[in-house]
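Me: I would like a close look at one part of this model, with the residues and strands named as you go. Please keep it plain.

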Amino acid sequence: MTRVPTFNSPYLLGFDEIERALDRVAKASGDGYPPYNIERLGQCENMPERLRITLAVAGFTRNQLEILLEEGQLVIRGRQNDDKTRQFLHRGIAARQFQRVFLLAEGMEVLGADLSSGLLSIDLVRPEPERIIRRIDIVERD
C-alpha cells in the first residue's frame, strides 16, 4: 500500500524534509521507557524562554548516561551492566538499556543537563525567529 504524503499541497513547497523528520520521529517513539516530561520554562531575569526535558532514570548513575546531538536529534542513552557478583533471591529491578530520541527544530541549543534524585533534566533554548521581509525585484523580459 502506498503512503499518501502529508505535505502534498501545492502551497507547501520544500517541506519534504519535515515529512522525513516526522517519519523518523514516528519510528523512534516505540518504547515508553523511560517516562519523560517536557515543560516550558518562562523568561526569568536574563534567561530567555526555555524547554526542559525530564526523564525518570532511577538507578542510573551519571557514568551510565550519555547525551548526544546527532544531525538535529537529541539522543539520550542509558546503559546498565549486570553485576555478576551479586546473588539475587528476587529480581524485580532489571538492569536495562534505553535510547530516547527527540527531534530538535533548527537552531535549538542545549544549555545543559542535570541529574538529581533519579531525574535527568536537559534544558534547551528556543531560538527567537528572525523576521525578514525582502522585496523581490521583477525583471521585465521581451
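Reply: What follows describes one sheet and two residues in its strands, and then turns briefly to a second sheet.

The model is predicted. The part chosen here is an open sheet of 4 strands, with the order S1-S2-S7-S6 and antiparallel pairing. Strand S1, residues 36-41, and strand S6, residues 109-116, are the edge strands, and each of them pairs on one side only. From one strand to the next, the twist averages 20°. Strands of a sheet pair through backbone hydrogen bonds, and this pairing can be parallel or antiparallel.

Start with strand S2, which covers residues 50-56 and contains Thr54. Is Thr54 buried or exposed? Its relative accessibility is 11%, and buried means under 20%, so Thr54 counts as buried. Leaving aside residues up to four places away in sequence, Thr54 touches Pro35, Tyr36, Asn37, Glu39, Leu119, Leu120 and Ser121. One of these contacts can be described further: the side chain of Thr54 makes a polar contact with the side chain of Ser121, at 3.5 Å.

Next comes strand S7, which spans residues 119-125 and includes Val125. Val125 also counts as buried, because its relative accessibility is 11%. With residues up to four places away in sequence again left out, Val125 touches Pro48, Glu49, Met108, Glu109 and Leu111. Among these, Glu109 has a further link to Val125, which is its bridge partner in S7. The strands S6 and S7 run antiparallel and are joined by 7 bridges. A distance can be added for Gly107: it lies 18 residues from Val125 along the chain, and the C-alpha atoms of Val125 and Gly107 are separated by 8.9 Å.

The second sheet can be described in a similar way. It is an open sheet formed by 3 strands in the order S3-S4-S5, and its pairing is antiparallel. Its edge strands are strand S3 (65-70) and strand S5 (97-103), each pairing on one side only. On average, neighbouring strands of this sheet are turned by 15° against each other, direction ignored. Strand S4 takes in residues 73-79 and pairs with S3 in the antiparallel sense over 6 bridges. Within S4, Val75 stands opposite Leu68.

To return to the part chosen at the start, Thr54 is in strand S2 and Val125 is in strand S7. These two strands belong to the sheet with the order S1-S2-S7-S6.

Notes. Residues numbered from 1 in each chain as written. Predicted model: local features only at pLDDT ≥ 70, side-chain atom pairs only at ≥ 80, totals over all residues. Heavy atoms only, no water. Buried < 20%, exposed > 50% of the residue type's maximum accessible area, 1.4 Å probe, protein only. Polar contact = N/O pair within 3.5 Å; in protein donor to acceptor, adjacent residues only side chain to side chain. Contact = heavy atoms within 4.5 Å. Pairing = 2+ DSSP bridges. Axes fitted to C-alpha atoms, helices over the stretch in contact; angles between N-to-C directions.
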